[in-house]
Amino acid sequence: MKKFYLFIMFFFVALVFANATDQNFYIYLCFGQSNMEVDFPDHGRVKGQWYTATPPLCRNWTRIGPADYFGRRMVKELPDSIRVGVIVVAIGGCDIALFEKDNYERYTATADDWMKSVIEEYGGNPYRRLVEAATLAQKEGVIRGVLLHQGETNTGQENWPDRVKRVYENLLYDLSLKAEDTPLLVGEVMSTSDACCAAHNAVISEVPSVIPNSYVISSEGLPSQDEAHFSTAGYRELGERYAEQMLKILKTSK
């Protein structure tokens with residue numbers, strides 16, 4: 001039976017795997033701000049474990065996100081021998097600075113109290129938590145890509161692609177990954193006429209010219225629930241679009 005797993009390094013899963021790395025266990029790192037968040041009430045999940053990825057995947061007060069339907073589509077299309085796991089680290093409203101090694105402390109110091117409390121749930125350093133989770137996950141599977149959905153807070157900042165590049169390159173270095181084996185998929189923000197941050201999509205479009213092996217995931221036509229967030233149907237379709245691109249990459253890399 002095909003399986004889709006969630007790794008909880010903030011609160012994550014309990015399935016026991018063999019000690020040897022399974023080359024057929026594909027792991028994807030997912031990070032960003034609110035549109036990458038997904039639901040997560042307390043289901044008795046334990047930090048540092050794998051769980052079957054049934055919603056919610058992240059925190060109590062947020063809704064379904066793209067990582068869920070990304071994983072569902074991946075396991076649907078891939079051979080039965082392949083398992084898929086996701087690691088999700090996301091903080092609503094955050095600047096890309098929160099994932100920058102040399103900047104997160106200054107950014108956190110100026111953040112609102114509600115955001116500080118979320119950051120603290122990741123041990124005060126969401127980037128480090130992502131790396132810690134990924135390092136543990138590498139003992140059991142292979143990291144096959146990175147999914148980013150972030151940018152609303154950085155709308156219009158022309159240096160955003162370069163900042164994303166530094167975060168991505170830090171992940172590659174810290175996890176001993178090769179860029180050619182680890183595609184970066186970056187989702188567009190809401191693009192409807194009433195969207196607050198649609199102008200940032202022009203900046204996002206520059207990512208592939210700055211970062212090799214990176215791809216932009218379109219948000220065109222996706223329904224919204226407000227000026228900044230997709231509706232449930234929008235999140236489902238966005239996740240499917242991430243998966244469609246990743247499946248194309250896997251097919252051409254064989």
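Me: How many residues of strand 4 (residues 83–90) are buried?
Reply: This is a predicted model, where local features need pLDDT of at least 70, side-chain atom pairs count only at pLDDT 80 or more, and totals for chains, interfaces and linings use all residues. Numbering starts from 1 along each chain as its sequence is written, and side-chain values use heavy atoms, without hydrogens and water. Strands are DSSP runs of E with at least two residues, numbered from the N terminus. Buried means under 20% relative accessible area (1.4 Å probe, protein chains only). Arg 83, Gly 85, Ile 87 and Val 89 point one way, Val 84, Val 86, Val 88 and Ala 90 the other. The buried count is eight of eight.

Me: Does strand 2 (residues 25–32) pair with strand 4 in the parallel or antiparallel sense?
Reply: Pairing requires at least two DSSP bridges. Here there are eight bridges. Gly 32 stands opposite Ala 90 in strand 4. The sense is parallel.

Me: At what angle do the axes of helix 4 (residues 126–137) and helix 5 (residues 160–174) cross?
Reply: Helices are DSSP runs of H or I with at least four residues. Axes are lines fitted to C-alpha atoms over the stretch in contact, and angles run from 0 to 180 degrees between N-to-C directions. These two axes come within 10 Å. They cross at roughly 35 degrees.

Me: Which residues does Gln 245 contact, leaving aside neighbours within four places in sequence?
Reply: Gln 245 lies in helix 8 (residues 232–253). Its relative accessible area is 18%, so it is buried. Contact means heavy atoms within 4.5 Å. The partners are Leu 185, Tyr 215 and Ile 217.

Key
Buried < 20%, exposed > 50% of the residue type's maximum accessible area, 1.4 Å probe, protein only.
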